[in-house]
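Dear colleague,

I am passing on the structure we spoke about, and I would be glad if you could look through it with the notes below beside you.

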Amino acid sequence: MDAFTRFTNQTQGRDRLFRATQYTCMLLTYLLEPKAGKEKVVMKLKNLESSVSTGRKWFRLGNVVHAVQATEQSMHATDLVPRLCLTLANLNRVIYFICDTILWVRSVGLASGINKEKWRTWAARHYYYSLLLSLGRDLYEITLQMEQVAHNRAKREKSSFQDPLEYSVADEETAWLQSFLLLLFRSLKQHPPLFLDTVKNFCDILNPLHQLGICKSNPGIIGLGGLVSSIAGIIIVAYPQMKLKTR
C-alpha cells in the first residue's frame, strides 16, 4: 500500500498509468477492429486513446527538466561506457522532449506555422538514438554480469574434475549455444533491475523503428510493446530498488 501511495504521488507514476492505458487501448483496438459488431467499442477505444495521449502531454512538459538533470547525473558516472552511453542518451532525450513539446504547442493551436511532419520525424529520430544508446548500456551491463556469473561458476567447478567427453562439431556448437543462453538467463535472473531496463528499452524502441521506417510493424505489436514497457516502468517507479543503478 505504501508503495502504491508513493507511486501515485509521483508525476512519472501517473504518466506511466496513462501510458499503459493508452497502449492498452491501441492493442484492444487492433484486436477488435476486424471483428463485426465491435464498431462502437472500437470508436470508444480510439477516443479514449486520443484523450489519454493528449492528457499525457501535460505530465511530460516537465520531462525536459528531468532529462537535463539526468544528463548532469550521468556525467558523474565512474565507468566510462555507462557515462558515455547515458549522457548521450539523455541529451537525445532532451531534444526529443523539446520536439514533442513543439508538436504539442501546434496541436493545441498556439502556433500554426510549425511543420508537423518534420518535427515528428526529428522527435522519432532522437527518441530512437536515446533508446539505442540505452540498449548499448544494457548490453554492456549484461556482458559484465555474464562474466561475473561465469567466473563464479568456474571457481565452484575448479576443484571438481570431470572426464572429457567426445563431442562432434555439431554437438560442441549446440553445447556452446545452450551454455550461452543459460549464462544469459542466470545473469538476468540475478539482476532484476537490468532485466527490467532491457525489456523496457527493447519494447520502447519498436515505436521509433516503425515511425522511421527502419522496421515496419503494426499497431498490435506497438501496443503490446508499449504496454509491456509501461508495466516495467510502473514497477521501477513503484519500487525504486528495481531501477538500474549507474556505476
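What follows covers the nonpolar cores, one helix pair and one arginine.

Please bear in mind throughout that this is a predicted model.

The largest nonpolar core is made up of 15 residues, and Tyr-96, Trp-119, Ala-123 and Ile-205 are those with the most contacts inside it. Two elements, α5 (80-107) and α6 (116-157), give two or more residues to this core, and α6 gives the most, with 6 residues. Leaving aside residues up to four places away in sequence, Trp-119 touches Cys-99, Ile-102, Leu-103 and Ile-114. Apart from this core lies another, of 7 residues, which includes Ile-142, Met-146, Val-149 and Leu-188.

Turning to the helix pair, the axes of α8 (residues 192-204) and α10 (residues 219-238) come within 8 Å and cross at roughly 145°, and the crossing in which α8 passes α10 is left-handed. On the α8 side the contact is made by Leu-196, Val-199, Lys-200, Cys-203 and Asp-204, while α10 brings Gly-225, Val-228, Ser-229, Ala-232, Gly-233, Ile-235 and Ile-236. By character, the residues of this contact divide into 7 nonpolar, 3 polar and 2 charged.

Lastly, Arg-137 is found in helix α6, and Arg-137 counts as buried because its relative accessibility is 5%, where the cut-off for buried is under 20%. Again not counting residues up to four places away in sequence, Arg-137 touches Pro-82, Cys-85 and Leu-86, as well as Leu-244, Lys-245 and Thr-246.

With best wishes

Methods: Residues numbered from 1 in each chain as written. Predicted model: local features only at pLDDT ≥ 70, side-chain atom pairs only at ≥ 80, totals over all residues. Heavy atoms only, no water. Core = buried A, V, L, I, M, F, W, Y, C linked by side-chain atoms within 4.5 Å. Buried < 20%, exposed > 50% of the residue type's maximum accessible area, 1.4 Å probe, protein only. Helix = DSSP H or I, 4+ residues; strand = E, 2+ residues; numbered from the N terminus. Contact = heavy atoms within 4.5 Å. Axes fitted to C-alpha atoms, helices over the stretch in contact; angles between N-to-C directions. Left-handed = near helix turned anticlockwise from the far one by under 90°. Nonpolar A, V, L, I, M, F, W, Y, C, P; charged D, E, K, R; others polar.
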